[in-house]
Amino acid sequence: MTITIEEAAERLKTAERVLVIGCSGSGKSTLALRLAGRLGLPYVSMDREIFWLPGWQTRPRAEALARLQGIVAQERWIIDGTSPGTLPLRLPRTHLVLWLRPPRLMSLYGVISRWLHYRGRSRPEMADDCPEKIDREFLAYVWNFEKTESPEIEENLAAFGPEVPVCVLKSRRENNRLLARLAAVH
């Protein structure tokens, strides 16, 4: 069930488990961290806590899934990360999904800006010793995200139907509007 920004702000007043999903560079971490601070929800970065080990080593899948199941079982969280293949584990426990879907140029701008800012260092929501990097493959992933990842996201969201409200945010301005609206109702 798709809801408006105003409805999402109202739901955030009582939501205890929130997913923030979207393309790399769309502003997921920024929004999730700001919401976590305002709502007092524990922040979980899937990149840091689930997928990556130091030195850009991938966490073994079984261990990653076990970690994710443990986090999802907790009473309160805001999870920053898309991973369409893990949505069936997360959606049944989710009170609200915030899906960031800006134009791909905005996401490309986001990943390039992030790379320039953290070049040679690990960003806070990434595992230690994973310095920010950018390459052709990653840029292609961002460029093609809507075509390659969004259909699976949509299928997963549809499978959970109206039980899980989804607010689609299409720009940083809309992200900020949600935060401002939350401040007005909270």
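Colleague: Let's begin with a single residue: in which helix is Glu174 found?

Modeller: Glu174 is found in helix 9. Keep in mind as we go that this is a predicted model. Glu174 has a relative accessibility of 22%, so it counts as partly exposed, given that buried means under 20%. Sequence distance and spatial distance are worth reading side by side here. Glu174 and Ile3 are 171 residues apart in sequence, with their C-alpha atoms 13 Å apart in space.

Colleague: Happy with that. How many residues does helix 2 have, and how far does it reach from its first C-alpha to its last?

Modeller: Helix 2 covers residues 28–39, twelve residues in total. From its first C-alpha to its last it reaches 16 Å, close to the 16 Å expected at 1.5 Å a residue. After the helix comes Gly40, whose phi is positive, near 70°.

Colleague: Which residues of helix 2 are buried?

Modeller: The general idea first: an α-helix has 3.6 residues a turn, so residues three or four places apart point the same way. In helix 2, the buried residues are Lys28, Ser29, Leu31, Ala32, Leu35, Ala36 and Leu39. They cover an arc of only 165° around the axis, which puts them on the same side of helix 2.

Colleague: Let me try another helix. Which residues are buried in helix 4?

Modeller: Those are Ala64, Leu68, Ile71 and Val72. Their arc around the axis is only 95°, which places them on the same side of helix 4. The length of helix 4 (residues 61–72) can be checked too: at 1.5 Å a residue its twelve residues should span 16 Å, and its end C-alpha atoms are 16 Å apart, which agrees.

Colleague: Now to pockets. How much space lies in the largest pocket?

Modeller: About 1,100 Å³. The lining of that pocket has 43 residues, and the closest to its centre are Ser24, Asp47, Arg114, Arg123 and Phe138. Sorting the lining by class gives 15 nonpolar, 15 polar and 13 charged residues.

Colleague: Which helix gives the most to that lining?

Modeller: Helix 2 does, with six residues. At least two lining residues come from each of helix 2, helix 3 (46–51), helix 6 (104–118), helix 7 (136–148) and helix 9 (172–185).

Colleague: Phe138 caught my eye there. How many aromatic pairs does a search of the whole structure find?

Modeller: The search finds three. In one of them, the rings of Phe138 and Tyr141 have centres 6.4 Å apart and planes at 15°, so the pair is stacked. Both residues lie in helix 7, three residues apart, about one turn of the helix. Phe138 is partly exposed at 21% relative accessible area, and Tyr141 also counts as partly exposed, at 31%.

Colleague: And how do the rings of Tyr141 and Phe145 lie: stacked or edge-to-face?

Modeller: Look at the angle between the planes. For Tyr141 and Phe145 the planes are at 85° and the ring centres 5.7 Å apart, so the pair is edge-to-face. These two residues also lie in helix 7, four residues apart, about one turn of the helix.

Colleague: Is Phe145 buried or exposed?

Modeller: Phe145 counts as buried, at 2% relative accessibility. To put the rings together, Phe138, Tyr141 and Phe145 are linked into a cluster by ring pairs.

Terms used: Residues are numbered from 1 along each chain as its sequence is written. This is a predicted model: local features need pLDDT of at least 70, side-chain atom pairs count only at pLDDT 80 or more; totals for chains, interfaces and linings use all residues. Side-chain values use heavy atoms; hydrogens and water are left out. The expected span of a helix is 1.5 Å times one less than its number of residues. Buried means under 20% relative accessible area, exposed over 50%, partly exposed in between (1.4 Å probe, protein chains only). The arc is that of the directions from the helix axis to the C-beta atoms. On a 1 Å grid over the protein atoms alone, a cavity is a set of points where a 1.4 Å probe fits but cannot get out, and a pocket is an open set with protein on both sides within 12 Å along at least five of seven lines; lining residues have an atom within 4 Å of a point. Grid points are joined across faces, edges and corners, and a volume is the space filled by probe spheres set on the points. Ala, Val, Leu, Ile, Met, Phe, Trp, Tyr, Cys and Pro count as nonpolar, Asp, Glu, Lys and Arg as charged, and the others, Gly among them, as polar. Rings of Phe, Tyr and Trp (its six-membered ring) pair if their centres lie within 6.5 Å; planes under 30 degrees apart count as stacked, over 60 as edge-to-face and the rest as tilted.
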